[in-house]
Amino acid sequence: FYLSFEKKCLEYLKSYFNLRIWVAGCSTGEEAYSIALLLNRNQLFKKSIIYGTDINTDVLEFAKSGIYPIDDFNTPIKNFESLNFDLNSFINQNKQLVIPTDLKKNIYFAKHSLAKDKSFNSFQIISCRNTLIYFNEDLQKKVFQLFDESLEVLGFLCLGSAENLWVPEIKKKYKIIDAANRIYQKITL
């Protein structure tokens with residue numbers, strides 16, 4: 001996903017003056033920080049704001065810390081190594097992966113309910129990967145409507161590998177950028 005996202009989306013987004021990214025259902029924040037690393041590598045982080053939201057305040061507090069037990073990060077480390085990232089400099093003496101302060105400064109974690117809350121901004125990227133699989137069809141439809149209201153035309157919607165943009169009246173507004181990695185681009189209001 002991250003390799004495809006970097007190759008197929010970030011080059012296009014370089015033309016924007018500012019980028020707003022929403023990582024919905026961010027849980028403990030790994031995806032928000034992963035996107036920050038990709039943006040930083042592509043000289044886009046300084047002009048970006050990443051909002052990581054979740055309904056669970058405990059996981060949000062964990063995400064804000066930016067400190068992860070290395071054993072919990074084995075798969076993400078392998079993913080980053082495949083992107084030629086060396087995360088060894090992020091590992092401290094206690095075998096924890098620590099997100100550097102400069103990569104945390106443009107990331108904001110906040111409570112938000114996908115089921116009850118409204119849109120709070122307009123975005124060029126919305127990433128909600130592996131959250132919608134826990135919602136019934138009615139709630140998924142409501143969330144897709146929320147994402148559609150929140151995403152700017154030509155913005156990117158990223159879903160998890162087991163999720164699809166299936167709502168017909170919303171799906172027709174998007175083109176598939178990468179079917180396997182569930183990356184869509186909004187092409188019309």
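## Cysteines, cores and local backbone features

In this predicted model, the count of disulfides comes to zero, with a pair of cysteine sulfur atoms required to lie within 2.5 Å. For C128 the closest cysteine sulfur is that of C26, and because the two sulfurs are 10 Å apart, they are too far from each other for a bond. C158 is likewise in no disulfide, its nearest cysteine sulfur being that of C9, at 5.6 Å. As to their surroundings, C128 is buried, with a relative accessible area of 0%, and C158 also counts as buried, at 1% relative accessibility.

The largest nonpolar core holds 39 residues, and those that touch the most other members are F5, I21, L39, I50, I107 and F109. Two or more residues are given to this core by each of α1 (2–13), β1 (19–24), α2 (30–41), α3 (57–65), β5 (107–111) and β7 (151–159). Which element supplies the largest share of this core? That element is α2, from which seven residues come. When neighbours within four places in sequence are set aside, I107 is in contact with A32, Y33, A36, F45 and I50. Another core lies apart from the largest one and has 20 residues, including I126, V143, L157 and Y174.

Helix α3 can be described in terms of its buried side and its two ends. V59, L60 and A63 are buried in this helix, and seen down the axis of α3 the buried residues fall within an arc of 105 degrees, so they line one face of the helix. This agrees with a general property: an α-helix has 3.6 residues a turn, so residues three or four places apart point the same way. The cover over the buried residues of α3 includes α2, β2, β3 (67–69) and β5. At the N-terminal end, α3 is capped by N56, a side-chain oxygen of which lies 2.8 Å from the backbone nitrogen of D58. After α3 comes G66, which has a positive phi, near 70 degrees.

One of the elements that cover α3 is β2, and S48 lies in this strand, which comprises residues 48–54. Is S48 buried or exposed? With a relative accessible area of 2%, S48 is buried, and the side chain of this serine reaches the backbone oxygen of L44 at 2.6 Å. Leaving aside neighbours within four places in sequence, the contacts of S48 are with L19, I21, L39 and N106; of these residues, I21 and L39 are also among those that touch the most other members of the largest nonpolar core.

Most residues other than glycine have a negative phi. Against that background, K95 has a positive phi of about 60 degrees although it is not a glycine, and N130, also not a glycine, has a positive phi of about 65 degrees. The table sets out the location and accessibility of these two residues.

| Residue | Phi | Loop | Relative accessible area |
|---|---|---|---|
| K95 | about 60 degrees | between α4 (74–82) and β4 (96–98) | 59%, exposed |
| N130 | about 65 degrees | between β6 (123–128) and α6 (137–150) | 35%, partly exposed |

K95 is thus placed in a loop and is exposed, whereas N130, which is also found in a loop, is partly exposed.

Conventions: Residues numbered from 1 in each chain as written. Predicted model: local features only at pLDDT ≥ 70, side-chain atom pairs only at ≥ 80, totals over all residues. Heavy atoms only, no water. Buried < 20%, exposed > 50% of the residue type's maximum accessible area, 1.4 Å probe, protein only. Helix = DSSP H or I, 4+ residues; strand = E, 2+ residues; numbered from the N terminus. Polar contact = N/O pair within 3.5 Å; in protein donor to acceptor, adjacent residues only side chain to side chain. Contact = heavy atoms within 4.5 Å. Core = buried A, V, L, I, M, F, W, Y, C linked by side-chain atoms within 4.5 Å. Arc of directions from axis to C-beta.
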